[in-house]
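Open the model in your viewer and keep the sequence panel beside it. This tour tells you what to select at each stop and what to look for there.

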Amino acid sequence: MTQKPNPLSSIPVSGPIPAHLARSVIEETLRSAILDGRLPCGTALRQQDLADLFGVSRMPVREALRQLEAQSLLHVVAHKGAVVAPLVEGDAAETYALRILLESEALRLSIPLLDDEDFAEAARYIDDLETQTDYAEIGRLNRLFHMTLYRKAPNRRLLSLVESGLWEEERFLRFNLEAMGLGKLSQEDHRELLRAAQARDTALTVTKLENHLNRGVEVITRYLNSLEPQGKKAST
Ligand code: NI
């Protein structure tokens, strides 16, 4: 990989930006540069550098960075400022292997405690996912569907670990499926999961979940490899 001394040089700024548009222009420009890899993971984004680049004060820069942080595209690191977040923390295969462990345990604990209301809610999320075309909304609905099946597990620390894995996946769905042009996502996996849970067949539900998440890690790995034109080795 070529080492760019300043990744910001890849960002085009055409002329002065009207003050009232500054925040949204900066936000959009940085978001697309993060998503298409011009600003690689780990890049530090200093407020003053960005203010100079866009020819604005630091205030709209700060606002734009805050938005991007809320979308999990940036982390704010002490003494370093805003840093482009990794798409998936660490190795995607390892991350998903852990998710399978955690989410399988959540299912085992939760399934016996789920009631008709939980099943009805999960079914509604699947129906919404079937018609939804907005990737931000797809990411959110996917997280809510899965949490509905896990949430009765009486272990809050387990659930919070499970949910952070789902947040990470939400970011991936929000910003990267679109870039891959995958189109509509089949809900067959989710329907099978729900059917198995409704039948209280924990072993089958866990198997369906493993298949579902293994398909997820394949998509992510393919995407991560597509960002590495020089052929970094697949992580699977
Ligand atoms: Ni899912």
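Is His-79 buried or exposed? Select His-79 and turn on the surface. At 88% relative accessibility, His-79 counts as exposed. This is a predicted model, so treat each stop as part of a prediction.

**Stop 1: the loop at His-79**

Stay on His-79. The residue sits in the loop between strand 2 and strand 3 (81-84). Check its backbone. Phi of His-79 is near 70°, a positive value in a residue other than glycine. Most residues other than glycine have a negative phi.

Now step back into strand 2. Select His-75, which belongs to strand 2 (residues 74-77). His-75 has 34% relative accessibility, so the residue counts as partly exposed. Add Ala-44 to the selection. The C-alpha atoms of His-75 and Ala-44 are 9.5 Å apart in space, with their positions 31 residues apart in sequence.

**Stop 2: the whole protein**

Zoom out and color by secondary structure. How many helices and strands does the protein have? There are 9 helices and 3 strands. Follow the chain along its sequence and the pattern reads α-β-α-α-β-β-α-α-α-α-α-α.

Color by burial next. Of the 236 residues in the protein, 42% are buried. Show the surface again. The protein exposes about 12700 Å². Carbon and sulfur atoms supply 53% of that area. Then turn to contacts between residues at least 6 apart in sequence. Among these, 71% join residues at least 24 apart.

**Stop 3: the nickel ion**

Select the nickel ion. Which residues are its protein donors? They are Asn-142 (OD1), His-146 (NE2), His-190 (NE2) and His-212 (NE2). These donors lie 2.1 to 2.2 Å from the ion. Find them in the sequence panel, where their spacing is N-x3-H-x43-H-x21-H.

Look at the last two histidines of that pattern. His-190 lies in helix 8 (residues 188-198) and His-212 in helix 9 (residues 202-226), so the pair ties together parts that are 22 residues apart in sequence. Both side chains deserve a surface check. His-190 is buried, at 4% relative accessible area. His-212 is buried too, at 14%.

Why is the arrangement around the nickel ion irregular? Display the angles at the ion. The 4 donor atoms subtend angles of 88 to 165°, which makes the arrangement irregular. For comparison, ideal angles at a metal are 109.5 degrees for four tetrahedral donors.

**Stop 4: helix 4 against helix 6**

Select helix 4 (residues 92-110) and helix 6 (residues 135-150). Their axes come within 8 Å and cross at roughly 50°. The two helices are therefore oblique to each other. Show side chains at the contact. Helix 4 contributes Glu-103, Ala-106, Leu-107 and Ser-110. Helix 6 contributes His-146, Leu-149 and Tyr-150. You have met His-146 before, as a donor of the nickel ion.

**Stop 5: along helix 6**

Keep helix 6 visible and pick Met-147, which is found there. Met-147 has 11% relative accessibility, so the residue counts as buried. What does Met-147 touch, leaving out residues up to four places away in sequence? Select Leu-159, Val-162, Glu-163 and Leu-166. Take one of these, Val-162, and draw a distance to Met-147. The two C-alpha atoms are separated by 8.3 Å, and the residues are 15 apart along the chain.

Move to Glu-137, also in helix 6. With a relative accessible area of 22%, Glu-137 is partly exposed. Add Glu-170. The pair is 33 residues apart in sequence and 9.2 Å apart in space, C-alpha to C-alpha.

**Stop 6: helix 8 to helix 9**

Select Arg-200, in the loop between helix 8 and helix 9. Phi of Arg-200 is near 55°, again a positive value in a residue other than glycine. Arg-200 is partly exposed, with a relative accessible area of 39%.

Finish at Thr-205, in helix 9. Is Thr-205 buried or exposed? Thr-205 is buried, with a relative accessible area of 0%. Reveal what surrounds this residue. Beyond residues up to four places away in sequence, Thr-205 touches Leu-107, Ile-111, Leu-193, Ala-196 and Ala-197. Leu-107 links back to an earlier stop, as part of the helix 4 contact with helix 6.

Notes: Residues are numbered from 1 along each chain as its sequence is written. This is a predicted model: local features need pLDDT of at least 70, side-chain atom pairs count only at pLDDT 80 or more; totals for chains, interfaces and linings use all residues. Side-chain values use heavy atoms; hydrogens and water are left out. Helices (H or I, at least four residues) and strands (E, at least two) are DSSP runs, numbered from the N terminus. Buried means under 20% relative accessible area, exposed over 50%, partly exposed in between (1.4 Å probe, protein chains only). Contact means heavy atoms within 4.5 Å. Accessible areas come from the Shrake-Rupley method with a 1.4 Å probe; for residues, only the protein chains shown count as cover. Donors are N, O and S atoms within 2.8 Å of the metal (3.2 Å for Na, K and Ca); water is not among the atoms, so sites may look incomplete. Four donors count as tetrahedral if all angles lie between 85 and 135 degrees; four count as square planar and six as octahedral if opposite donors are over 155 degrees apart and all others between 65 and 115; anything else is irregular. Axes are lines fitted to C-alpha atoms, for helices over the stretch in contact, and angles run from 0 to 180 degrees between N-to-C directions. Angles under 35 degrees count as roughly parallel, over 145 as roughly antiparallel, 65 to 115 as roughly perpendicular and the rest as oblique.
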